[in-house]
Amino acid sequence: MAPISVTLAPRDPPAAIVALVGEHDAYSADRLDSELAVLLEERRCVVVDLRDTEFIDSATLGALLAAQREAERSNLGFAVVLPSRNYTQVSRLLELTGLASSFAIYDTLDQALSAARRGDNGGTVRSAA
């Protein structure tokens, strides 16, 4: 199974960083969905770190989109780290599906954490200059 790492950032408001490493498909999507659901139930803002993600499939994308929508309904921040300088399969999938604009996307972890703590949860693509 591809690694999914969850790190809790204790500052207020509490945040969680969920890092996906390697390839993620339907096999790991259920675990991702469960991890994200628990974090949102705990009222944590979430940052999904996709810097080391080589591949995601539609099940993984669906889990991310469902969590983003739940965060939005719960008024919790939900941001994604996906550097614009590294065009990856994940970037391509978000572009081809038209779902990039559904997520608040940032170039760095610090930017994404700040945005999630402010309550940003999608709707526009945001990157550093």
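## Helix 4 and what follows it

Right after helix 4 comes Gly 119, and its phi is positive, near 100°. Helix 4 covers residues 109–118; helices here are DSSP runs of H or I with at least four residues, strands are runs of E with at least two, and both are numbered from the N terminus. Keep in mind that this is a predicted model, where local features need pLDDT of at least 70, side-chain atom pairs count only at pLDDT 80 or more, and totals for chains, interfaces and linings use all residues. Residues are numbered from 1 along each chain as its sequence is written, and side-chain values use heavy atoms, with hydrogens and water left out.

Which residues of helix 4 are buried? They are Ala 112, Leu 113, Ala 115, Ala 116 and Arg 117. "Buried" means under 20% relative accessible area, while exposed means over 50% and partly exposed is in between (1.4 Å probe, protein chains only). The cover over these helix 4 residues includes strand 1, strand 2, strand 4, strand 6 and strand 7.

## The sheet

Five strands make an open sheet, in the order 1-2-4-6-7, with mixed pairing. Strand 1 (4–9) and strand 7 (104–106) sit at the edges with a single partner strand each, so one side of each has no neighbour in the sheet. From one strand to the next, the twist averages 25°. Two strands count as paired if DSSP finds at least two bridges between them.

Let's walk along the sheet. Strand 1 pairs with strand 2 (residues 15–20) in the antiparallel sense, over six bridges. Here Leu 8 stands opposite Ala 16, and Ser 5 stands opposite Ala 19. Strand 2 and strand 4 run parallel and are joined by five bridges, with Val 18 partnered by Val 48 in strand 4. Strand 4 then pairs with strand 6 in the parallel sense over four bridges.

## Two covered strands

Why is strand 2 described as largely enclosed by the rest of the structure? Because six of its six residues are buried. In a regular strand the side chains alternate between the two faces of the sheet. In strand 2 both faces are covered: Ala 15, Ile 17 and Ala 19 are buried on one side, and Ala 16, Val 18 and Leu 20 on the other.

Strand 4 (45–49) is mostly covered too, with five of its five residues buried. Cys 45, Val 47 and Asp 49 point one way, and Val 46 and Val 48 point the other way.

## A closer look at Asp 49

Asp 49 lies in strand 4. Is Asp 49 buried or exposed? It counts as buried, because its relative accessibility is 8%. Its bridge partner in strand 6 is Val 81.

Leaving out residues up to four places away in sequence, Asp 49 touches Ile 17, Val 18, Ala 19, Leu 20 and Val 81; contact means heavy atoms within 4.5 Å. Asp 49 and Ala 67 are 18 residues apart in sequence, and their C-alpha atoms are 14 Å apart in space.

## Helix 2 and its neighbours

Helix 2 (residues 58–73) has 16 residues and spans 22 Å from first C-alpha to last, close to the 22 Å expected at 1.5 Å a residue. That expected span is 1.5 Å times one less than the number of residues. At its N-terminal end, Asp 57 acts as a cap, with a side-chain oxygen 3.1 Å from the backbone nitrogen of Ala 59. After helix 2 comes Asn 75, whose phi is positive, near 55°. Among the buried residues of helix 2 are Leu 61, Leu 65 and Gln 68.

Helix 2 lies across strand 2, strand 4 and strand 6 (78–81), at about 145° to strand 6. Axes are lines fitted to C-alpha atoms, for helices over the stretch in contact, and angles run from 0 to 180 degrees between N-to-C directions. Helix 1 (residues 26–41) packs against helix 2 at about 10°, with the axes 8 Å apart. The two helices are therefore roughly parallel to each other, a label for angles under 35 degrees. Where they meet, the helix 1 residues include Leu 32 and Leu 36, and the helix 2 residues include Ala 63 and Leu 64.

Terms used:
A polar contact is a pair of N or O atoms within 3.5 Å; within protein, one must be able to donate a hydrogen and the other to accept it, and residues adjacent in sequence count only if both atoms are side-chain atoms. Angles under 35 degrees count as roughly parallel, over 145 as roughly antiparallel, 65 to 115 as roughly perpendicular and the rest as oblique.
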